[in-house]
Amino acid sequence: RSCEAMKTRQEQQQYYSNFSPEEGEANPSTMKVDDLLGRKQQAAAKAKGKKGGVSNSRSADDESTSQMSSLSDSTDEGSSVGDENSEDLERFERALRQKHTKACKAMANGVYDIALQEFESILSDLLSKYGEKHERVGAALHNVAIANLRAGSLDDAMDAIEEAIKIRSRSLGRSHPKVADSLVELGIILLSMEEHADSLKVFERALKLRRTEHGDMYTQEDIDDSNLKIAKVLNNMGCVNFEQNNLGAAKKNFDEATTLQKAVFRSVFNFSCGYDTSSPGILTMASTMCNMGYVAIEQGDFSEAIKIFKVSLQIQQAVLGPGNKLVQSSLDNLGYSHTMMNQYDKAFKIYEEVWDTQKMSSDTTDEKILTIKKIVICSVRLEQWDSAFKHLEILEDAQSAVDDESRDIYLTRKMMGEVNYQILKLPSLSDQTNRAVGFALCMGETDEDVDLEEWVIGKPENTSKMSGHRVTHA
């Protein structure tokens with residue numbers, strides 16, 4: 001697709017002014033559905049004799065986690081599917097399912113170019129068969145948008161999701177739940193582009209649709225499903241406010257979201273942590289709770305952060321296992337919160353747990369070095385000198401492999417001397433430790449107190465976790 005100049009910021013703001021709660025759909029513009037397809041898919045669509053022509057506007061500028069929406073299996077009343085040969089239709093649907101399965105496997109393995117190729121192929125097939133106004137084409141565009149979002153192609157994701165919203169609004173109605181699905185993904189894309197005001201406006205529109213939909217639910221299963229959808233939007237609004245440092249508003253959003261989620265997942269008691277950890281969406285609740293923990297850390301409420309991360313960790317560890325990155329991140333935040341409460345004994349155990357998993361993992365050397373430093377700091381604070389020295393040796397080896405002349409390794413070796421001095425002045429001399437460094441080295445000019453001025457456990461770099469929708473067949 002040829003590159004075009006971006007619209008001005010004024011035009012972008014005008015676009016999103018149409019997403020007020022009273023309005024349902026963006027203004028039309030000049031983008032074609034075919035412009036969103038790869039060249040191969042465009043050629044295939046043209047060869048079949050049909051070409052999409054729906055226009056669309058370019059708007060203003062993701063665990064995390066954004067998921068795909070479904071393509072409806074229904075067809076328009078005016079379509080000629082009922083007159084087609086049933087075998088041809090069956091072959092067509094089977095081919096779509098094969099492509100969809102391949103795309104989902106590629107997405108799960110992070111091979112986004114293959115996933116995008118398959119989703120674009122599905123879009124081309126549906127566009128050729130049903131034309132550009134059909135709801136299945138809108139749903140296919142939704143999936144193309146999310147594949148681009150996962151791949152980091154935010155402009156392409158924006159183009160596709162805007163077109164999806166337009167087609168779904170026209171074919172299903174502006175208040176249809178699938179329109180809300182696409183609005184949620186649009187909000188996630190905008191947040192990824194750091195367009196916070198526009199993102200919040202879109203999420204507010206999606207929340208209004210979700211709550212309207214909730215009023216039509218009667219069975220408990222449908223009510224629970226609706227509450228989880230509302231909670232996802234509230235979580236995403238909290239993410240926008242968190243990124244803008246509006247911590248009070250973010251806390252309110254996350255609190256409301258987790259209240260809805262807890263009411264659903266408490267329905268089946270699980271002896272391991274009190275929640276039904278086999279339920280779909282339970283990890284979404286754990287992510288929302290992590291977001292609440294991030295707010296508590298930013299507000300300096302470390303006792304509250306500890307409570308929150310303990311519960312979220314129970315869920316994450318039960319579902320994901322100890323080595324998962326989300327588990328490691330939650331442990332890191334929990335450890336940091338304990339250090340800020342001067343609870344170094346508890347922090348030490350947590351960082352040891354992280355290290356036990358990390359030392360045999362494929363984590364980068366820098367990540368491992370950071371964890372070992374935290375263990376050293378806790379050991380020194382607790383005056384556990386043997387533990388401190390043992391981990392300093394591990395730290396020295398890791399740093400030597402990176403840069404044997406760096407300032408970091410100088411600080412490590414200086415700390416080794418100071419720690420060994422503490423060991424030597426005790427009645428029970430550690431012969432093994434003394435031999436490792438050398439008596440003469442340790443008894444040189446060394447202050448009695450260990451200098452921790454440049455040994456500080458920093459606040460984890462947290463990014464709030466957003467929630468999208470699940471991928472289903474086109």
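# Helix packing, burial and loops: worked exercises

Ile 315 is buried, at a relative accessible area of 0%. That value comes from a predicted model, as does everything below.

**Exercise 1. Find the helix that holds Ile 315, then work out how far Ile 315 is from Val 327 in sequence and in space.**

Step 1: Look along the chain for helix H12, residues 302-320; that's where Ile 315 sits.
Step 2: Count along the sequence, and Ile 315 and Val 327 turn out to be 12 residues apart.
Step 3: Now go from C-alpha to C-alpha, and the gap between Ile 315 and Val 327 in space is 9.4 Å.

**Exercise 2. Decide how the axes of H5 and H6 run relative to each other, and say what sort of residues meet there.**

Step 1: Pick out helix H5 (residues 135-151) and helix H6 (residues 154-172).
Step 2: Their axes come within 7 Å and cross at roughly 160°. An angle over 145 degrees counts as roughly antiparallel, so H5 is roughly antiparallel to H6.
Step 3: Check the hand: H5 and H6 make a left-handed crossing.
Step 4: See who's touching. On the H5 side you'll find, among others, Val 137, Leu 141, Val 144 and Ala 145, and the H6 residues they face include Ala 157, Ala 160, Ile 161 and Ala 164.
Step 5: Sort the residues of the H5 and H6 contact, and you get 13 nonpolar, 4 polar and 4 charged.

**Exercise 3. Do the same for H3 and H5.**

Step 1: H3 covers residues 86-108, and its axis lies 12 Å from that of H5.
Step 2: The two pack at an angle of about 20°, which makes H3 roughly parallel to H5.
Step 3: The crossing of H3 past H5 is left-handed.
Step 4: H3 brings Glu 93, Leu 96 and Met 107 to this contact, while H5 brings Arg 136, Ile 146, Ala 147 and Arg 150.
Step 5: Sorted by type, the residues of the H3 and H5 contact give 4 nonpolar, no polar and 3 charged.

**Exercise 4. Is His 338 buried or exposed, and which residues does it touch?**

Step 1: Go to helix H13, residues 325-340, to find His 338.
Step 2: Buried means under 20% relative accessible area. His 338 has 4%, so it counts as buried.
Step 3: Skip the neighbours within four places in sequence, and His 338 is in contact with Ile 306, Lys 310, Gln 343, Lys 346, Ala 347 and Ile 350.

**Exercise 5. Describe the largest nonpolar core, then zoom in on Val 419.**

Step 1: This core has 109 residues. Helix H11 (residues 282-298) supplies the largest share, 10 residues.
Step 2: Residues with the most contacts inside the core include Phe 119, Leu 126, Met 415, Val 419 and Trp 455.
Step 3: Leave out residues up to four places away in sequence, and Val 419 touches Val 380, Trp 385, Ala 388, Phe 389 and Leu 392.

**Exercise 6. What do the phi values of Asn 245 and Glu 383 look like, and where do these residues sit?**

Step 1: Start with the background: most residues other than glycine have a negative phi.
Step 2: Asn 245 isn't a glycine, yet its phi is positive, about 65°. Asn 245 lies in the loop between helix H9 (220-243) and helix H10 (247-265), and is exposed at a relative accessible area of 54%.
Step 3: Glu 383 isn't a glycine either, and has a positive phi of about 60°. Look for Glu 383 in the loop between helix H15 (365-381) and helix H16 (385-402); with 55% relative accessibility, Glu 383 counts as exposed.

Notes. Residues are numbered from 1 along each chain as its sequence is written. This is a predicted model: local features need pLDDT of at least 70, side-chain atom pairs count only at pLDDT 80 or more; totals for chains, interfaces and linings use all residues. Side-chain values use heavy atoms; hydrogens and water are left out. Axes are lines fitted to C-alpha atoms, for helices over the stretch in contact, and angles run from 0 to 180 degrees between N-to-C directions. Helices (H or I, at least four residues) and strands (E, at least two) are DSSP runs, numbered from the N terminus. Angles under 35 degrees count as roughly parallel, over 145 as roughly antiparallel, 65 to 115 as roughly perpendicular and the rest as oblique. A crossing is left-handed if the near helix is turned anticlockwise from the far one by less than a right angle, and right-handed if clockwise. Contact means heavy atoms within 4.5 Å. Ala, Val, Leu, Ile, Met, Phe, Trp, Tyr, Cys and Pro count as nonpolar, Asp, Glu, Lys and Arg as charged, and the others, Gly among them, as polar. Buried means under 20% relative accessible area, exposed over 50%, partly exposed in between (1.4 Å probe, protein chains only). A nonpolar core is a set of buried Ala, Val, Leu, Ile, Met, Phe, Trp, Tyr and Cys residues joined through side-chain atoms within 4.5 Å.
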